[in-house]
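Hello,

Here is the structure I promised to pass on to you. Please have a look at it first, and then read on for what turned up.

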Amino acid sequence: MSPLPPHETAAGAAAKTRLDATLLDAVWDAHTVRELPNGDTQLYIGLHLIHEVTSPQAFAMLRDMGLRVRHPERTFATVDHIIPTESQRRPFADELAEAMMKELERNCREHDIRFFDPAHGEQGIVHVIAPELGLTQPGMTIACGDSHTSTHGAFGAVAFGIGTSQVRDVLATQCLSLARPKVRRIEIGGALSPGVYAKDVILHIIQRLGVKGGIGFAYEYAGPAIEAMSLEERMTVCNMSIEGGARCGYVNPDEATFAYLRGRERAPQGAALERAVTWWRSIASGPKARYADRVSIDGATISPTVTFGIHPGQSLGVGARIPRPEDVPDDERASLEEALAYMDLRAGAPIEGTPIDVAFIGSCTNGRLSDLREAARIAAKGHVAHGVKALVVPGSQAVARAAQAEGLPEIFRAAGFEWREAGCSMCLAMNPDRLTGRQMCASSSNRNFKGRQGSPAGRTLLMSPVMVAAAALEGRVTDARELL
Amino acid sequence: MSAKRERITGRACVLRGDDIDTDRIIPARYLRAVTFEGLGEHAFEDDRRQAKGNHPLDDARFAGARILVVGSNFGCGSSREHAPQALMRFGFEAFVGASFAEIFAGNCTALGLPCLTLAPQDLARLMDCIDLDPAQEIAIDVTGRSVTCRAGTLRASLPEGTRRQLVEGSWNNTAVLLEAGGAIESTADRLPYLRDFSATS
Ligand code: SF4
C-alpha cells in the first residue's frame, strides 16, 4: 500500500482538526468500527498481548465456537506468571506450570502467533517486553488479559486489561465492546524531591483519589513532574492506574517517547519513523482539550510513600504515623480497622522501623533496568540484614542482560540479595516464589491485598525499589534518602 | 444468541465488607490451570479457612443461595475472569451490591451474570432483611431493574446497554462483534500505524 502523509488518512485528519480532543478521544475515534446496540463502541484493537494464565480458556472457547484467530499477526505471546525464577529449565518442576506452558506453546503454534520464548532469550513480563521491543506505540489500542495492561499508556496508547471472554473476543474479531471512559487529567506540578520516585507519585495519587476514585475514568497524567520522567518511570505510574480504579491511564507522547522508540526492534525505522512521529504528535491531547475532571498535586509535597494496609490506597509518607480509626472518615474506618488487624500494625505508630522478613524487587511496576540501577546504588552501601530474604527479579531476559552488562547482579549478590531469572515472581502466588506464614514483605510490586504474595496470612508493604533495598539492608522500613 | 437473563430468583447470601478483591475471591494459586473447571470449590478459600466455618459461604442458612449480596467496589484488583467463574461455579447467578469494579462487572456480563447496584440505604435494608430471614426467596428483575425481598421492592441500577444484552440474550460479545464483518478490516486499513509505518512483522 502506498504510504499517505498521516494527515491524509482519516484517523490523522480526525485527530488534527480537533484541538479540543483528548488523546483518548482521538485514539478512540480512529479505532471505532461502529457503535453497538448496547451503547458500547466496537473498538478495533491494534495490539493484543497474551500470556499463559488468561489465554488457554479463551482458545478453548474459540475452538468450541469453531473459530480461528482473525489476525494472528496482531497478537504476541509470552510466559510470565508461572515461570520459576530459580531456573527456567524445562520441564518445570511444577507440573501445573509445565502444562500451562505447553498449552500456550500449542495454541501459538496452532494459530500462528509469535511467542517470545524463554529458550530464545526473548521472554519477560508481558508489560515489560512489549515496550522494550517497540511493539507498544503511541496512538494504539492495546489489550491484554491482565489488569496491568494500563502500563502501556506511558507511550500514549489506550491500553486495557480484559477478562478471558474478552481475550476470546479479540482473538476472534480483533475487536472489543467497550464503553468510552471519561478523562480525568492529573497534573503533577513542580519537581520531585531527591529520593522520590514514580512509585511514590502513583501511591500518593491513589492515596489521594482512593482505590475507587478512578472508576469510569481514564487517567491522563501530565504536568512538569510527569514530563520530566523517563518512559520507564511513566510506565510505573500508568501501571498502577488500575489500583486507583481507572481502567487505563496514559501520558501524552512527547520527545522522550519518540527517543525511547527510536531503534527499537519492532518500532518503525527511518522514513517510516518520521511519518510515525508526525502522527504521534497529532494525537496528543490538544491545548483546548476538555476533561471531565482535573486534579492537581504539587510534586514537591510527595515523600517516599509506603503502604501500611491491605489495599494500595492505604499508604503514607515514610515519616508519617499510621492513621488512627478516629482520624479517618466514617466510610474508611472499617477498612482501616481490618487493615490494622491483618497487618498487626498499631494505629498512631510510625511506619518507619516496621520490621520486615522479605524484600522483593521486581514486577511489571518496578522490574526494569532503571529500577534495578537505583536499587543497586543502595545495595552497594551495605549488606542485607540478618534473617531477611531479599530477591531481585528482572522484568525480562533483556533487562537481565542489560543489568549484567552493568555489573548489577554482582552488586546485589555481594550485598546478600538473590539474583533471579525473569518473571512475575513474588508479585503473586503462581510460581514457587511465595511468602510463608505471616511474613512481612517490603515489595516493589503493585498489590498488597490479603494473601496476594502467596501466604494466606502474608503481609505486603508496597514501596519504591530504592525503599525496598533500604529496608532489606536495615531489616526494617527506612527512609532510603538517608542512604542515597 | 445466548440465554436470556430476565429474572433470577432464589435464596441470597450476604457477604459484608467493601473492596473485596479478586485475590480473595479466588486465590492466585488456583489459577495454575488451563480450564476453569473445579474453581467453584475454591471460591473465597483463604477467607473461609481463616473464618473457620464462620464465613457466609459456609453458613448453612445461606446454603444453595443463587444471589450474592455484597458491599462496595466488589471484585477490584485483577482482571481475572477466574473470579466470576469461581462464584458462578459455586452456584451464584447474580450479584447485588453498592458498587462493582469495572472489569469484574464486565466479566460477569460476558458470562450472563447480572451485577445490580442499590442505593446504600436500600442495600442495608436488603442485607438486614436477608439476615433476619435467610430462607426467603429474593427476586431480581433484570428487565425492570429491581430487587424484591420481604421488605419490599427496591429500585436497582444496571447500565442500559448491559440490561439489554442480558434480557435479549446478546451477552456473548463475540457473535455481536463478528457481525461487523469487513468493517473491522476497513477500520484497520485507515490506521496510520497499520497502513503507513507498520514495522511489526
Ligand atoms: S508482575 Fe505482578 S502485576 Fe505484573 S503481570 Fe506479573 S503478576 Fe501481574
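Helices here are DSSP runs of H or I with at least four residues, strands are runs of E with at least two, and both are numbered from the N terminus. With that in hand, Phe44(B) can be placed in the loop between α1 and α2 (45-51) of chain B. Please keep in mind that this is a predicted model.

**Backbone details**

Let me stay with Phe44(B) for a moment. Its phi is positive, about 55 degrees, although the residue is not a glycine. Is Phe44(B) buried or exposed? Its relative accessible area is 0%, and buried means under 20%, so Phe44(B) is buried.

Asp19(B) is another non-glycine residue with a positive phi, near 55 degrees. You will find Asp19(B) in the loop between β2 (12-14) and α1 of chain B. Asp19(B) counts as buried because its relative accessibility is 12%, under the cut-off of 20%.

In chain A, the peptide bond that joins Arg90(A) and Pro91(A) is cis, with omega at about -15 degrees. Pro91(A) belongs to the loop between β4 (75-78) and α4 (95-111) of chain A.

**Chain B and its helix pair**

Chain B has nine helices and eight strands. Its C-alpha trace spans about 65 × 40 × 25 Å along the principal axes. Chain B has 201 residues, of which 59% count as buried. Taking contacts in chain B between residues at least 6 apart in sequence, 69% join residues at least 24 apart.

One helix pair in this chain may interest you. Helix α3 (residues 82-90) of chain B packs with helix α4 (residues 102-110) of chain B at an angle of about 50 degrees, and their axes are 9 Å apart. The two helices, α3(B) and α4(B), are therefore oblique to each other. The crossing of α3(B) past α4(B) is right-handed. Which residues meet there? From α3(B) come Ala83(B), Pro84(B) and Leu87(B), and from α4(B) come Phe104(B), Asn107(B) and Cys108(B). Sorted by class, this contact has five nonpolar residues, one polar residue and no charged ones.

Buried residues in α3(B) include His82(B), Gln85(B) and Ala86(B), along with Ala83(B), Pro84(B) and Leu87(B) from the contact with α4(B). What do the buried residues of α3(B) pack against? In chain B their partners are α1 (22-25), β3 (67-69), β4 (94-97) and α4, and from chain A there is α3 (56-64). Just after α3(B) comes Gly91(B), with a positive phi of about 130 degrees.

**The sheet in chain A**

Now to chain A, where four strands form an open sheet with parallel pairing, in the order β11-β10-β9-β12. At the edges are β11 (248-250) and β12 (293-298) of chain A, each pairing on one side only. From one strand to the next, the twist averages 20 degrees. Helix α2 (residues 23-31) of chain A packs on this sheet and touches β9, β10 and β11 of chain A; the direction of this helix makes about 115 degrees with that of β11(A).

Within the sheet, strand β9 (residues 182-189) of chain A and β10(A) pair in the parallel sense over six bridges. One of the residues involved is Val183(A), whose bridge partner in β10(A) is Ala218(A).

Why is strand β10 (residues 217-222) of chain A largely enclosed by the rest of the structure? Six of its six residues are buried, so the surroundings largely enclose this strand. In a regular strand the side chains alternate between the two faces of the sheet. In β10(A), both faces are covered: Phe217(A), Tyr219(A) and Tyr221(A) are buried on one side, and Ala218(A), Glu220(A) and Ala222(A) on the other.

**Two more helices of chain A**

Helix α6 (residues 164-173) of chain A is mostly covered, with 10 of its 10 residues buried. Among them are Arg168(A) and Asp169(A). After α6(A) comes Gln174(A), with a positive phi near 60 degrees.

Finally, Ala379(A) lies in helix α14 (residues 369-379) of chain A. Ala379(A) is buried, as its relative accessible area is 2%. Setting aside neighbours within four places in sequence, Ala379(A) is in contact with Ile411(A), Phe412(A), Ala415(A), Phe417(A) and Leu473(A).

Best wishes

Key: Residues numbered from 1 in each chain as written. Chains lettered and ligands numbered in written order. Predicted model: local features only at pLDDT ≥ 70, side-chain atom pairs only at ≥ 80, totals over all residues. Heavy atoms only, no water. Axes fitted to C-alpha atoms, helices over the stretch in contact; angles between N-to-C directions. Parallel < 35°, antiparallel > 145°, perpendicular 65-115°, else oblique. Left-handed = near helix turned anticlockwise from the far one by under 90°. Contact = heavy atoms within 4.5 Å. Nonpolar A, V, L, I, M, F, W, Y, C, P; charged D, E, K, R; others polar. Buried < 20%, exposed > 50% of the residue type's maximum accessible area, 1.4 Å probe, protein only. Pairing = 2+ DSSP bridges.
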